[in-house]
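Colleague: I'd like to learn how to read a model like this one. Could you walk me through it?

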Amino acid sequence: MSYFPNLSKKAAYAIIFILLVLACAAAAFGITKSAEAKRKKIDLENIYNKSYVEFTADIGNMRDTTVKLMATETGDIQQQLLLNTLIRDSGNALLLLNQLPYFNENISGINYFLNQIGDFASYVNGKILRNTSLSEEDRSSIKRISEALTEFSDYLIGVDGKDGYGYVRFGEGDYSIKDFRGLESTEGAKQDFPILIYDGPFSESAQKKEPLGTTGKDIGYKAAQSKLEAALTMKPDKLGKYSDSSGVIPAYHFAGTQQDGKRFNALIAHKGGALVWMMKDYLPKYEIGSTLDDDARKSCIKAASDYLDSIGYEKMSQNYWQYYQGIAVVNFAYEDKNITYYPDLIKVWVDVETKEIIGLDARNYLLSHRDREVATPAISIDDARNNLNNNLEFVSGKQALIPKKDGTEVLCYEMQCSMDNYDFLVYINAYTGESEDLFRIVHAPDGKLVK
């Protein structure tokens, strides 16, 4: 029986031939697409491996640089050259870390550690430019940095999961590095170096076992994806598989690519759907040491403030900021009824040129924020001023709730003071009049440091 009863044999054979050609073409197309997908996966893994190898090399270079620093004397031109190298390598290592697909709050200690190294090197470099000798404390800090970098470098070189060629297995294209666990355990992130004031004097407050700022039921994956799109301010062009973050704040971990080709990673809280953490690809646009004019600084602060309002973080007051190679990092604290709540901190990264939000870290806020009933102060700000050291000149004061090492919080008067050429932040208990804490402000070319 013919499948083509109304056609001649010649026409029927022609149709069969055409169908066979189309079938072969479809099969070839499928094979090509499969090969293309496989090639893209290999290319992506090669990019990750390249970033990992360069990141490991930068950590090793920083270790060698700090060892050399310990052998220099104040006034030696090599000292300043080595510090500039350390600033450059720490910034480059941060960028490479952001190119790796393992992004969640568990490795934030490494981000913090690398930031600390760059900040400390800038601080020491500033002393040298002012013809000030390095103190024993400075040299001790350099030694501790070097020891931490040595430990970290050894870990990266010996990380489990490498194949026979020294490459790390990067999972099955799901933007996770399963063999990268343990990165957050390095003690380097816990070193007690000067911290930038834009992080706030209480940014390293005691971590709580349960986040207080996430409430309600689990919003589910679809709602979390909608929250992600609002956080990105655009629909992602490509969204990889999501996974659950097992950190202190349970969250949906998303990774993918924006419509402009920029890769991102983000965490959306299970409860309430708040944006916990986000970071996008960014390449530095300016040289180390470049500065930010006042108008650009104000524009970046406004962009960060507007963004926080748009995603539901309200009553956030800008406190401190820093500029680094085209990025303004702005720190906000929750403020209500003229009280600044330092446990409730959010940090926002802004591209200075485009005013695009590059990153956000709201973990401190979500760990601490809740409705509080704060008792009326027992003393006035004038009473608090009377309890200051007579050698301190009072500059300004305000009420601030600060965290204590035992996990409690206390209302204080934050008193900004000066003495000779030094600036200080003194915290006077608003009920007892006793001094609760004291920080020295160290002015650096690209921001302020507190010790």
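Modeller: Happily! Burial is a good place to begin: a residue is buried under 20% relative accessible area, exposed over 50% and partly exposed in between, using a 1.4 Å probe and protein chains only. In this chain of 451 residues, 48% count as buried. This is a predicted model, where local features need pLDDT of at least 70, side-chain atom pairs count only at pLDDT 80 or more, and totals for chains, interfaces and linings use all residues. Residues are numbered from 1 along each chain as its sequence is written, and side-chain values use heavy atoms, leaving out hydrogens and water.

Colleague: What is the mean pLDDT of the protein chain?

Modeller: pLDDT is the predictor's confidence in each residue, from 0 to 100. Here the mean is 77, and 71% of residues reach 70 or more. Strand β12 (residues 409-419) has the highest confidence, at a mean of 95, while strand β1 (residues 195-196) has the lowest, at 48. Strands are DSSP runs of E, at least two residues, numbered from the N terminus. Over residues 160-191 the pLDDT is below 50. Where pLDDT is low, the predicted coordinates should not be read in detail.

Colleague: Is Glu-356 buried or exposed?

Modeller: Glu-356 counts as buried because its relative accessibility is 18%. Glu-356 sits in the loop between β9 (339-351) and β10 (357-361).

Colleague: Which residues does Glu-356 touch?

Modeller: A contact means heavy atoms within 4.5 Å. Leaving aside residues up to four places away in sequence, Glu-356 touches Gln-258, Asp-260, Lys-262, Lys-280, Trp-349, Val-350 and Asp-351.

Note on methods
Helices (H or I, at least four residues) and strands (E, at least two) are DSSP runs, numbered from the N terminus.
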